[in-house]
Amino acid sequence: MRQLLLENINVPGINTLEGYRTHGGYKALEKALQLKPEEIVADVQKSGLRGRGGAGFPTGMKWSFIAKPPGVPRHMVCNADESEPGTFKDRFLMQHKPHILIEGMIISSYALGANVSYIYIRGEMMFQFHILQKAIDEAYAAGLLGKNILGSGFDLDLYVHCGAGAYICGEETALIESLEGKRGNPRIKPPFPAVSGVWGRPTVVNNVETISAVVPVINMGGEEYAKIGIGKSTGTKLISACGHINRPGVYEIELGLPVEEFIYSENYCGGIRGGKKLKAVVAGGSSVPVLPAELILKTAKGEPRLMSYESLSDGGFVTGTMLGSGGFIVMDETTSIVKNLFNFTRFYHHESCGQCSPCREGTGWMEKILHKILDGRGKTTDIDLLWDIQGKIEGKTICPLGEAAAWPVAAAIRHFRAEFEEYVNHPEKIKNVNYINS
Amino acid sequence: MPEFSPEALELVKRIIKRYPEGKQKSAILPVLHLAQAEFQGWLSPVVMDYVASLLNILPIEVYEVASFYSMYNLKPVGKCVIEVCRTGPCWLLGAEDVVKHIEKKLGIKDGETTKDGMFTLKTVECLAACGSAPIMQIGETYHEKLSLEKVDSILNDHKTNTNTHISHWDKKHIKSEAGKEPQATKE
């Protein structure tokens, strides 16, 4: 198991500057400051590193889009608003190894020419907020932040900014609005943040894991990093595994690991709790389509499914899903897909910012219909209505929360329609659904 | 007009300096957290007006933000706000049982406060600790891998040891942050 981000995570003191430096920390920064900013961007492009927050957009390409109008400050913003249900990797990394994020932030800011950068962390993570603040204070005291970093002439101020409970602020333009002190309503793109972001200035927003991964990319060089993984899924990825498994937790995997090995190996999830059978997996956070056991373990063509951007999406949404944020939710045979879907749909209804009608109204309708079915009052036409509504949200909203709400509904009906029909035709059986595992 | 403690006022000044000149509105989210810590865990209209005056913005700009984000309480809360995660992964592992248990034990429903003003129960969405589900948050602390016995012991502990409001932004941090040397200057 190759560990680039979680390396030495269990070493006592790795959360301090001294401990981090003793184990090779800030070597990448020293190397980066000897390079020209555009050389770093080129190296990140060569590495094939893709956004680890969920979208999987090539990081180097995103960086290359940043506008450089003369006299206008640019900003680097870290998205630490980790809120996708099933995802808890960023919180884990920041808590145990805060300096890798800070080192990544300094390198990224240098590469983009930003002199003031922000880490936008969830308000709920106040504990990690203070850990980051302490690490930043240490970095200032050691001359790694502030004026003339390590004698390079590069200046950087880094601040942690806390949110206050809003899933939508993980969407980059909503995050920018929130950083400006407003409600988290996503902006219409274009203009993209790279041209007009926070306070109208060119801005790059990257996920915690993405920024941290810049450190090993610089350390080993983009070409070497690109050799890890499989095809266009280069490098390692943090997977946060939860649900009905024996060993929940955060695992760093080399992209391309077979899903079956990830679920059943003692090195990872350690199999299904209580020796039960696997029913379904949501592989990349609650927004991605749920897949039944047979399709998560093997593609429709019968090939082993791999933990990579391409393999997980093989077959499109008909038989595939997405790697997403790496929030890997495992459900055993006792799970009610309909109840789980109700829970997710309630989440999206609660978190919709209310700006676009299809999402604001549609998520509420879907929640109500699912509630009706679970209450034993559902009709077959309700299943069709759900299908209809999700199709009328997808692609019709400013931001991807619409898709995030629609996809789980579509996938649940696509793969588990029989379960919905069972509930509608035999409402008395709903009471017997053993949803909560004891 | 309510007023922050000197430490909190000092911290507000430091927070405003994190943003460019004239962009002090950006400080609104952290300052509202401070306000909850300073004023019994919730934001009354008077407190929101005070925050608006501190940031030199209109009261409506504070109201619209305070009503958008779920961590801000717009009505009085107990000294100890129990925030139980109710989203998918926690629900798979028994969050519903935890909520029902607390409701029964305290004799309140989700969103309500006990008569003695000690506890408020609030279900919240995913807290990003799904690997140790089910979980709940009190102040800045996450209580993970909950069993009903563990919930009992946490609540009993708070009942005997909680004298003032527990806030997300712990008061010990307000004091230490405000007392720090100024950081480097910016643009």
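**Exercise 1. Determine in which pattern helices and strands follow one another along chain B.**

Solution. Helices are DSSP runs of H or I with at least four residues, strands are runs of E with at least two, and both are numbered from the N terminus. Read along the sequence of this predicted model, chain B follows the pattern α-α-α-α-β-α-α-β-β-β-α-α. Chain B thus holds eight helices and four strands.

A note on conventions applies to all exercises. Residues are numbered from 1 along each chain as its sequence is written, while chains are lettered from A and ligands numbered from 1 in the order in which they are written. The model is predicted, so that local features need pLDDT of at least 70, side-chain atom pairs count only at pLDDT 80 or more, and totals for chains, interfaces and linings use all residues.

**Exercise 2. State whether the radius of gyration of chain B agrees or disagrees with that of a compact globule, and describe the extent of the chain.**

Solution. Step 1: the radius of gyration is taken over C-alpha atoms, and the globule rule is 2.2 Å times the number of residues to the power 0.38. Step 2: for 187 residues the rule gives a value near 16 Å; chain B has 18 Å, which agrees. Step 3: along the principal axes, the C-alpha atoms of chain B fill a box of roughly 50 × 35 × 30 Å. Step 4: 46% of the 187 residues in chain B are buried. A residue is buried if 20 or more other C-beta atoms lie within 10 Å of its own, exposed if 12 or fewer, and partly exposed in between, with C-beta atoms placed from the backbone.

**Exercise 3. Describe chain A in the corresponding terms.**

Solution. Step 1: chain A has 18 helices and 13 strands. Step 2: a compact globule of 438 residues would have a radius of gyration near 22 Å, and chain A has 22 Å, which agrees. Step 3: its C-alpha atoms fill a box of roughly 75 × 45 × 40 Å, taken along the principal axes. Step 4: buried residues make up 55% of the 438 residues in chain A. Step 5: the mean pLDDT (the predictor's confidence in each residue, from 0 to 100) of chain A is 96, and 98% of its residues reach 70 or more. Over residues 434–438 of chain A, however, pLDDT stays under 50.

**Exercise 4. Find how many residues each chain gives to the contact between chains A and B.**

Solution. Step 1: two residues are in contact if their C-beta atoms, placed from the backbone, lie within 7 Å. Step 2: the contact takes 56 residues from chain A and 44 residues from chain B. Step 3: on the side of chain A that touches chain B, the largest share, six residues, comes from α15(A). Step 4: by class, this side has 23 nonpolar, 23 polar and ten charged residues. Here Ala, Val, Leu, Ile, Met, Phe, Trp, Tyr, Cys and Pro count as nonpolar, Asp, Glu, Lys and Arg as charged, and the others, Gly among them, as polar.

**Exercise 5. Establish how α3(A) and α9(A) lie relative to each other.**

Solution. Step 1: helix α3 (residues 37–47) and helix α9 (residues 208–220) of chain A pack at an angle of about 95°, with their axes 10 Å apart. Axes are lines fitted to C-alpha atoms, for helices over the stretch in contact, and angles run from 0 to 180 degrees between N-to-C directions. Step 2: angles under 35 degrees count as roughly parallel, over 145 as roughly antiparallel, 65 to 115 as roughly perpendicular and the rest as oblique. Step 3: α3(A) and α9(A) are therefore roughly perpendicular to each other. Step 4: A:I40, A:D43, A:V44 and A:S47 in α3(A) meet A:V214, A:V217 and A:I218 in α9(A).

**Exercise 6. Decide whether A:L386 is buried or exposed, and name residues that it touches.**

Solution. Step 1: A:L386 lies in helix α17 (residues 380–393) of chain A. Step 2: A:L386 has 23 other C-beta atoms within 10 Å and is therefore buried. Step 3: leaving aside residues up to four places away in sequence, A:L386 touches A:M366, A:I369, A:V409 and A:I413. Step 4: A:M366 is found in helix α16 (residues 357–374) of chain A and, with 26 C-beta neighbours inside 10 Å, also counts as buried.

**Exercise 7. Explain why α8(A) is described as largely enclosed.**

Solution. Step 1: eight of the eight residues of α8(A) are buried, so this helix is largely enclosed by the rest of the structure. Step 2: these buried residues pack against β1 (74–80), β2, β3 and β4 (203–207) of chain A together with α2 (28–38) of chain B.
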